[in-house]
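Please open the model in your viewer and keep the sequence panel beside it. The stops below go from the whole chain to single helices, and then to individual side chains.

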Amino acid sequence: MAHTSSRTTIVFIVVALVCAFVPAFSVEEAEAKLLWDTCLLKISPKCALEIIGALFENLTIPDACCQDLVQGGKMCHDTLIKYIAEKPHLVSHETEYLKKSDALWTHCVSISQTA
């Protein structure tokens, strides 16, 4: 039951982040908004949840989602994770999440190279 509740929480966070982030950009930040929009198109919503679960809840990421992550590119991965990790309720552990993000990237690159 706790696993379902945490998944629901993750879905809510992703939806809230997307809704909150897109209008938050000013004209000067058009390039960052374009990156955000481009990155969101590269990763399926299911895999986005898997990536967030792997980083913020220590879940295991499926190989197919690793391939999506790597296909999206390191800049997209870093941008999205850094944005999420800077949220007020997560920022106290931002360094930890960014380290986990790098480890996840390395893991996914190794998975995608063997596929």
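The tour starts with the overall fold and then follows one helix and its partners.

**The whole chain**

Keep in mind throughout that this is a predicted model. Show the protein chain as a cartoon, and you should find 6 helices and 0 strands, which follow one another along the sequence in the pattern α-α-α-α-α-α. If you colour the 115 residues of the protein chain by burial, 34% of them count as buried. Among contacts between residues at least 6 apart in sequence, 66% join residues at least 24 apart.

**Helix H5**

Next, select residues 74-85, which form helix H5. H5 has 12 residues and spans 16 Å from its first C-alpha to its last, close to the 16 Å expected at 1.5 Å a residue. Display its side chains and pick out the buried ones, which are Cys-76, His-77, Leu-80, Ile-81, Tyr-83, Ile-84 and Ala-85.

**Helix H3, and how it meets H5**

Now add residues 45-56, helix H3, which also has 12 residues and reaches 16 Å from its first C-alpha to its last, again close to the 16 Å expected at 1.5 Å a residue. The buried residues of H3 are Cys-47, Glu-50, Ile-51, Ile-52, Gly-53, Ala-54, Leu-55 and Phe-56, and just after the helix you can stop at Asn-58, which takes a positive phi of about 60°.

With both helices on screen, it helps to recall that two packed helices are described by the angle between their axes and the distance between the axes. The axes of H3 and H5 come within 12 Å and cross at roughly 60°, so the two helices are oblique to each other, and their crossing is right-handed. To see the contact itself, show Ile-51, Ile-52, Leu-55 and Phe-56 on H3 together with His-77, Ile-81, Ile-84 and Ala-85 on H5. By class, the residues of this contact divide into 7 nonpolar, 1 polar and no charged.

**Helix H6, and how it meets H5**

Hide H3 for the moment and select residues 94-114, helix H6. The axes of H5 and H6 come within 10 Å and cross at roughly 155°, which means that H5 is roughly antiparallel to H6; this crossing, too, is right-handed. On the H5 side, show Lys-74, His-77, Asp-78, Ile-81, Lys-82 and Ala-85, and opposite them on H6 show Glu-94, Tyr-97, Leu-98, Ser-101, Asp-102, Leu-104 and Trp-105. The residues of the contact of H5 with H6 comprise 6 nonpolar, 2 polar and 5 charged.

**Two side chains in H5**

Bring H3 back and centre the view on His-77, which lies in helix H5. Is His-77 buried or exposed? Its relative accessibility is 2%, and His-77 therefore counts as buried. Leaving aside neighbours within four places in sequence, His-77 is in contact with Ile-51, Leu-55, Leu-69, Ser-101, Leu-104 and Trp-105.

Finally, move along to Tyr-83, also found in helix H5, where a relative accessibility of 14% means that Tyr-83 counts as buried. Select Trp-36 as well and draw a distance between the two C-alpha atoms: Tyr-83 and Trp-36 are 47 residues apart along the chain, and their C-alpha atoms are separated by 9.9 Å.

Definitions and conventions:
Residues are numbered from 1 along each chain as its sequence is written. This is a predicted model: local features need pLDDT of at least 70, side-chain atom pairs count only at pLDDT 80 or more; totals for chains, interfaces and linings use all residues. Side-chain values use heavy atoms; hydrogens and water are left out. Axes are lines fitted to C-alpha atoms, for helices over the stretch in contact, and angles run from 0 to 180 degrees between N-to-C directions. Helices (H or I, at least four residues) and strands (E, at least two) are DSSP runs, numbered from the N terminus. Angles under 35 degrees count as roughly parallel, over 145 as roughly antiparallel, 65 to 115 as roughly perpendicular and the rest as oblique. A crossing is left-handed if the near helix is turned anticlockwise from the far one by less than a right angle, and right-handed if clockwise. Contact means heavy atoms within 4.5 Å. Ala, Val, Leu, Ile, Met, Phe, Trp, Tyr, Cys and Pro count as nonpolar, Asp, Glu, Lys and Arg as charged, and the others, Gly among them, as polar. The expected span of a helix is 1.5 Å times one less than its number of residues. Buried means under 20% relative accessible area, exposed over 50%, partly exposed in between (1.4 Å probe, protein chains only).
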